[in-house]
Amino acid sequence: MDSPKVALVTGGGRGIGAAISRRLAADGFAVAVNYSRSARDAEEVAAKIVADGGRAVAIRADISQAAEAERLIADTTVQLGAPTVVVNNAGMNKAGAARKQSPEDFDEVIAVNLNGAFYCTHFALPAMYESGWGRVIFVNSPSGGRRPSPGMSAYSAAKAGLVGMAKSMALEVARRGITVNCVMPGFVATDIVASGGEAGVEALTKHWPSIPPESIASTISFLVSDNAADVSGEEIGVWRGGPVGV
C-alpha cells in the first residue's frame, strides 16, 4: 500500500466507533472521526489521538444525505488525504412494531444505516480504485437476518441490506485490491441496544456474553491489514459462539 494510510470511521466518536477510531490510529492510520450530533465526543477522540502522536480530525456530516456524505469524503481528503479505509459504523434505531411505526421513522432508520453506508462508500471508491487498494467495512448486527427481534423491522431490514450490498460489492472490486466485509458484534452496550428498552437490555445481559468494543476494533484492525487481503464478502461475527436467543 503506497497511498497515505487514511481511514474514515462514521459515527466514530462514541461506543464501538470510538474504539475503532483509536485502534486504527494505533495501527498508523490518520483517522477522520465522523459525527452527526455528538461533537464533543468526536472531538475528544480526535484530540486524544493527536495527543498520542497520531493524526485525526473530527468532521460533522449527516451521512443519511448524499450531499453530506460526499462533502465528508471531500473534507477528509483535504484535511488528511483520500480515505482508502471506510468503516461504516454509524447507525441508529427507532424501535417499534410495524403496525405502529410511522413511515417517517422507518425511512430515517433505513437512511442512516443503509443509505448512508452506500453513500460514503460510493464517494470513497474512486480513490481506492486509483490507488489499487482499499478496505470497506460495514458494522452490522445479528438483527440483519441471523437473529431478528420484534419491533426491529426497520433496523433488521437495513442491516440485512448491508449484507447483500457487501457481498455484491465484494465481487465488483475483487480485482481492484479492495475488500468489502461485514463485522457483526454480539452484545455491546450501545445507545442502539438501549433504544430497545430496559427490558430488552436486561434480557440481552442475561443471555449474551458482553463483548467489549475493543474486540470489534481488533477484528476490523485485522480486516483492514494486508494479512486479510484475500478475505472479502464475508460476515464475521464477534460474539463468542454465535447469536444467542433471548
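User: What does Asp 27 count as, going by its relative accessibility?
Analyst: Asp 27 counts as partly exposed, at 25% relative accessibility. Keep in mind that this is a predicted model.

User: Which residue forms a salt bridge with Asp 27?
Analyst: Arg 23 does. The closest N and O atoms of the pair are 3.3 Å apart.

User: And how accessible is Arg 23?
Analyst: Arg 23 has a relative accessible area of 31%, so this residue is partly exposed too.

User: How many salt bridges does the structure hold?
Analyst: The structure holds 12 salt bridges.

User: Which residues are linked in a network of salt bridges?
Analyst: Arg 60, Glu 68, Arg 71 and Asp 75 are linked that way. Within that network, the side chains of Arg 60 and Glu 68 meet at 3.0 Å, N to O. Arg 60 is partly exposed, with 36% relative accessible area.

User: What about Lys 167, which side chain does it meet in a salt bridge?
Analyst: Glu 235, at 4.0 Å from N to O.

User: Where do Lys 167 and Glu 235 lie?
Analyst: Lys 167 is in helix α5, residues 153-172, and Glu 235 is in strand β7, residues 235-238. The pair therefore ties together parts that are 68 residues apart in sequence.

User: What relative accessibility does Lys 167 have, and what about Glu 235?
Analyst: Lys 167 has 37% and counts as partly exposed. Glu 235 has 24% and also counts as partly exposed.

User: Zooming out. How many helices and strands are in the protein chain?
Analyst: There are 8 helices and 7 strands.

User: How much of the protein chain is buried?
Analyst: Buried residues make up 47% of the 246 residues.

User: Of the contacts between residues at least 6 apart in sequence, how many join residues at least 24 apart?
Analyst: 72% of those contacts in the protein chain do.

User: Helix packing now. At what angle do α1 and α8 pack?
Analyst: About 45 degrees, with the axes 8 Å apart. Here α1 is residues 15-26 and α8 is residues 213-223. That angle makes α1 oblique to α8.

User: Is the crossing of α1 and α8 left-handed or right-handed?
Analyst: α1 passes α8 in a right-handed crossing.

User: Which residues make the contact?
Analyst: From α1, Gly 15, Ile 16, Ala 19, Ile 20, Arg 22 and Arg 23. From α8, Pro 213, Glu 214, Ile 216, Ala 217, Ser 218, Ile 220 and Ser 221. So Arg 23, the salt-bridge partner of Asp 27, is also part of this contact.

User: How do the residues of that contact divide by type?
Analyst: They divide into 7 nonpolar, 3 polar and 3 charged.

User: Pick out Ile 16. Is it buried or exposed?
Analyst: Ile 16 is buried, with a relative accessible area of 11%. This residue is found in helix α1.

User: How many residues separate Ile 16 and Ser 215 along the chain?
Analyst: They are 199 residues apart along the chain. Their C-alpha atoms are separated by 9.2 Å.

User: Which residues of α8 are buried?
Analyst: Ile 216, Ala 217, Thr 219, Ile 220, Ser 221 and Leu 223.

User: What covers the buried residues of α8?
Analyst: The cover includes α1, β4, β5, β6 and β7. In that list, β4 is residues 85-88 and β5 is residues 134-139.

User: On to Thr 179. Which strand does it lie in?
Analyst: Thr 179 lies in strand β6, residues 178-185.

User: Buried or exposed, this Thr 179?
Analyst: Thr 179 counts as buried, at 3% relative accessibility.

User: Which residues does Thr 179 touch?
Analyst: Leaving out residues up to four places away in sequence, Thr 179 touches Gly 134, Arg 135, Val 136, Leu 223, Ala 228, Ala 229, Val 231 and Ser 232. Leu 223 is also one of the buried residues of α8.

User: Last pair, α3 and α4. How far apart are their axes?
Analyst: 9 Å, and the two helices pack at about 45 degrees. Helix α3 covers residues 66-79 and helix α4 covers residues 103-131. They are therefore oblique to each other. Their crossing is right-handed.

User: Which residues meet between α3 and α4?
Analyst: Ala 66, Ala 69, Glu 70, Leu 72 and Ile 73 in α3 meet Tyr 119, Cys 120, Phe 123 and Ala 124 in α4.

User: How do the residues of the contact of α3 with α4 divide?
Analyst: They divide into 8 nonpolar, no polar and 1 charged.

Note on methods
Residues are numbered from 1 along each chain as its sequence is written. This is a predicted model: local features need pLDDT of at least 70, side-chain atom pairs count only at pLDDT 80 or more; totals for chains, interfaces and linings use all residues. Side-chain values use heavy atoms; hydrogens and water are left out. Axes are lines fitted to C-alpha atoms, for helices over the stretch in contact, and angles run from 0 to 180 degrees between N-to-C directions. Helices (H or I, at least four residues) and strands (E, at least two) are DSSP runs, numbered from the N terminus. Angles under 35 degrees count as roughly parallel, over 145 as roughly antiparallel, 65 to 115 as roughly perpendicular and the rest as oblique. A crossing is left-handed if the near helix is turned anticlockwise from the far one by less than a right angle, and right-handed if clockwise. Contact means heavy atoms within 4.5 Å. Ala, Val, Leu, Ile, Met, Phe, Trp, Tyr, Cys and Pro count as nonpolar, Asp, Glu, Lys and Arg as charged, and the others, Gly among them, as polar. Buried means under 20% relative accessible area, exposed over 50%, partly exposed in between (1.4 Å probe, protein chains only).
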